Amino acid sequence: MILAGHGSEGQRRLAAGRVLVVGADEIGAPLIAHLADAGVGTIGVADGPPMEPWDRYLGLPDAEPADRAAAWARALGRSHPIVRTVAESWFELPRARGPVRDYDLVVCAGEDPVRCQLVDDVCAEAGIPFVWGSTEVVKLLTGQGEPLVGRVMEYDGMAGTCATVPLRPHMCAARPAEPTAAEPFFGLLSPAATEAARESTISVEQLKELLDADAPVNLVDVREPDEYAFAHLAGSMLVPQGEFLHGDAATRLPTDRKTVLLCRAGIRSAEVLAVVKRTGHHDAVHLGGGILSWAGRIDPGMPTY
């Protein structure tokens, strides 16, 4: 309350602030704790995966089985009773637009580029500030300091130096953009795979609807034989990624039905998708999140690795 440059006015603004944090794992967990400690009045947490044993090291004291969003709401309800914590549903279309409008700004606390793109799209459409994994939130809520708008801060740990570089929009980027479906994948995709997956990613729920309706689909698993033998979706056929990237597997795909590509987490299938689209299968899609998402949200009995 007596902090120079902040004072009671800054604290009141924090107390009135409403922040949605998308993701509550390695990046989101400390961020949520810092926002609660700072006195942000309402914190929404959007995170879907169930709790894991290592989550206790991210600041969650509970060992009870629950998803991270519910666990954070329960934990902060006890440790920070003056902070209103809301457990939101996982951030994906078509539900992404709804929660955003209840908040002053959104923080994307994750490394998945497709998820970040979806958050950016939805926030641009709603006219709400979007922050990527930083306590930069406090500056925006209080109106203090110089926020990193149009700039990215880089920290060089080996040299112990900081620098800022300009952030410029792509010349073809339309703002606001039409939000596109996105499922999490971890790691970096090639530009071609990123572009291919942007408008050709389906969720596990959408795939289940297709399979339940006996829709004519060609379900192709691009993992390796040992992985496929360990766990796979009924009706899928195995064609390893290498046969697409270094062979002619794409040209041998049937043309009388939609091809759905899948892998463990959605990385390899996105890379294969780029190859498949170049061979004329423009309606091909890949399964966001792969069989990990299928096991987590459709078939909990499926073994995972």
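**Figure 1. Contacts between residues far apart in the sequence.** Take the contacts in the protein that have a separation of 6 or more: 63% of them are accounted for by residues 24 or more positions apart. Keep in mind as you look around that this is a predicted model. The protein has 305 residues, and buried ones make up 45% of them. Its secondary structure comes to 12 helices and 12 strands.

**Figure 2. An open sheet of 5 strands.** Here you can pick out 5 strands in the order β3-β2-β1-β4-β5, and the pairing is parallel. At the edges sit β3 (84-88) and β5 (130-132), each of which pairs on one side only. If you ignore direction, neighbouring strands of this sheet are turned by 20° against each other on average.

**Figure 3. Zooming in on β2 and β3.** Strand β2 covers residues 42-46, and 5 bridges pair it with β3 in the parallel sense. Want one bridge to look for? Find Thr42, whose partner in β3 is Arg84. Helix α3, made of residues 68-79, packs on the sheet here and touches both β2 and β3. The direction of α3 makes about 165° with that of β3.

**Figure 4. Helix α2 lying across three strands.** Now move to helix α2, which spans residues 28-38. It lies across β1 (18-22), β2 and β4 (105-108). Compare its direction with that of β1, and you get an angle of about 165°.

**Figure 5. Helices α7 and α11 packed together.** When two helices pack, we describe them by the angle between their axes and the distance between the axes. For α7 (residues 191-198) and α11 (residues 267-278), the angle is about 80° and the axes are 8 Å apart. That's why we can call α7 and α11 roughly perpendicular to each other. On the α7 side, the contact is made by Ala192, Ala193, Ala196 and Ala197. On the α11 side, look for Ala270, Glu271, Leu273, Ala274, Lys277 and Arg278. Sort the residues of this contact by class and you find 7 nonpolar, 3 charged and no polar ones.

**Figure 6. Strand β11 and its partners.** Is strand β11 mostly buried or exposed? Of its 5 residues (258-262), 4 are buried, so β11 is largely enclosed by the rest of the structure. Strand β9 (residues 217-221) pairs with β11 in the parallel sense, over 5 bridges. Leu219 is a handy landmark, standing opposite Val260 in β11. Strand β12 (residues 285-287) also runs parallel to β11, and 2 bridges join them. There, Leu261 stands opposite His286 in β12. You've already met α11 in its contact with α7; together, β11, α11 and β12 make a right-handed β-α-β unit.

**Figure 7. Helices α8 and α12 packed together.** How far apart are the axes of α8 and α12? The answer is 9 Å, and the two helices pack at an angle of about 80°. So α8 and α12 are roughly perpendicular to each other. Helix α8 takes in residues 204-212, while α12 takes in residues 290-297. From α8, the contact involves Val204, Glu205, Leu207, Lys208 and Leu211. From α12, it involves Gly290, Ser293, Trp294 and Arg297. By class, the contact has 4 nonpolar, 2 polar and 3 charged residues.

Conventions:
Residues are numbered from 1 along each chain as its sequence is written. This is a predicted model: local features need pLDDT of at least 70, side-chain atom pairs count only at pLDDT 80 or more; totals for chains, interfaces and linings use all residues. Side-chain values use heavy atoms; hydrogens and water are left out. Two strands pair if DSSP finds at least two bridges between them. Axes are lines fitted to C-alpha atoms, for helices over the stretch in contact, and angles run from 0 to 180 degrees between N-to-C directions. Contact means heavy atoms within 4.5 Å. Angles under 35 degrees count as roughly parallel, over 145 as roughly antiparallel, 65 to 115 as roughly perpendicular and the rest as oblique. Ala, Val, Leu, Ile, Met, Phe, Trp, Tyr, Cys and Pro count as nonpolar, Asp, Glu, Lys and Arg as charged, and the others, Gly among them, as polar. Buried means under 20% relative accessible area, exposed over 50%, partly exposed in between (1.4 Å probe, protein chains only). A crossover is right-handed if, with the strands pointing away from the viewer, the path from the first strand over the helix to the second runs clockwise.
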